[in-house]
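Trainee: Could you take me slowly through the surroundings of the ligand, and then through the way the helices pack against one another?

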Amino acid sequence: MHPLVEQINEKNIRALARAITMVENDHPEKLDMLSDVFAAKKHARYVGLTGSPGAGKSSLVNRMITHIRNEGKTVAVIAVDPTSPFSGGALLGDRVRMNEHFTDDGVYIRSMATRGSLGGLARATKDAVRICDAYGFDVVLVETVGVGQSELDIMKIVDTTALVLTPNSGDVLQIFKAGIMEIADLFIINKADLPGYGKLKALLKELVMMTAKGDQETQIVKTITTENKGIDKLWQKISEHHDFLYSTKEGQKRRRFQQQLEVYELIREEIWRDVKTYVEENNRDITIEADSDPYQLAQNIFEKWKEDNG
Ligand SMILES: Nc1nc2c(ncn2[C@@H]2O[C@H](COP(=O)(O)OP(=O)(O)O)[C@@H](O)[C@H]2O)c(=O)[nH]1
Ligand SMILES: [Mg+2]
């Protein structure tokens, strides 16, 4: 077993932090280490929160941490939101509120950096989630701004994806157009204290019906984070969805499909890394001109790479 993973197994929090840095930096030992991480995984529940900036994701995460801790469970948070108080981007007030959790051993909070990782931020985040699992956290929460493909990719490894919406923000239609509705297992209408809640709920219900997955009814939960309302219900719905995934045939099918996507993605990454290195090492024989035919060029390079690696 990789020495870092041995230390993670012994609940060494610094080893956990080092392992996450290793995946961020795309360290050469990464895959070996992660393979051991995978074997050392416990049984954490992975929950993703996504939504527009300002929807209340960080506030929800903060409340959920308290709720989960009150249940006697430990929790890790991976924040991939540049505006998150975890990564230092938010208002001072938010950061002060977070501080109560920083002294708690049962809580680990980490924000992800983008630097260097070939597979990108999404890949590094998935690996970080599993590293937290190997450490033995009961729950891993991932907060991400749901804007780009890479943020959506992150959601491929979480068990439950919750999409956070707010009244009168207009983001629901944008999200619908971007095809993000399909990835959500649960909808949260946060800031339900603001006017426009009823209208948003009615619209959301219609949109949910149009994008129904067919197996399980997608739930809509109402929260007012500032008043600590709806958090119990939210956690209950997340738990129900978890049960669906792990104790029904349909849920098992869903998990198998997700697994397959991830394996394909890893293969794609590995091949890409290989081909890119090959091109760089053979740059005397391979010339890429600005006006060369990209199709022909790609095909030639790929064929050459296959021949040399056959
Ligand atoms: N009125 C109201 N404001 C909220 C609620 N939840 C969060 N906010 C406020 O919305 C702002 C953005 O919250 P934040 O958690 O940082 O959103 P994030 O960008 O999605 O992480 C903050 O000023 C919060 O205090 C809520 O339920 N009602
Ligand atoms: Mg945030």
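Mentor: Let us begin with the ligand, where 18 residues surround ligand 1 and G54, K57, S58, S59 and T225 come nearest, a residue being near when one of its heavy atoms lies within 4 Å. This is a predicted model, in which local features need pLDDT of at least 70 and side-chain atom pairs count only at pLDDT 80 or more, while totals for chains, interfaces and linings use all residues. Residues are numbered from 1 along each chain as its sequence is written, chains are lettered from A and ligands numbered from 1 in the order in which they are written, and side-chain values use heavy atoms, with hydrogens and water left out.

Some polar contacts (pairs of N or O atoms within 3.5 Å) can be listed for this ligand. A polar side-chain atom of K57 lies 2.7 Å from an oxygen atom of ligand 1. Nitrogen of the ligand is also involved, with a side-chain N or O atom of N190 at 3.1 Å from a nitrogen atom, and a polar side-chain atom of T226 at 3.2 Å from a nitrogen atom.

Turning to the helices (DSSP runs of H or I, at least four residues, numbered from the N terminus), we can start with α2, residues 13-24, which packs with α6 at an angle of about 160°, the axes being 9 Å apart. Axes are lines fitted to C-alpha atoms over the stretch in contact, and angles run from 0 to 180 degrees between N-to-C directions. That angle makes α2 roughly antiparallel to α6, since angles over 145 degrees count as roughly antiparallel, under 35 as roughly parallel, 65 to 115 as roughly perpendicular and the rest as oblique. In this contact (heavy atoms within 4.5 Å), α2 contributes residues including L16, I20 and V23, and α6 contributes residues including A128, I131 and Y135. By class, the contact has 10 nonpolar, no polar and two charged residues, where Ala, Val, Leu, Ile, Met, Phe, Trp, Tyr, Cys and Pro count as nonpolar, Asp, Glu, Lys and Arg as charged, and the others, Gly among them, as polar.

Helix α6, residues 120-135, also packs with α11, residues 249-281, at about 125° and with axes 12 Å apart, and the two are therefore oblique to each other. Here R123, K126 and R130 of α6 meet E262, E265, L266 and E269 of α11, and the classes are one nonpolar, no polar and six charged residues.

Methods:
A polar contact is a pair of N or O atoms within 3.5 Å; within protein, one must be able to donate a hydrogen and the other to accept it, and residues adjacent in sequence count only if both atoms are side-chain atoms.
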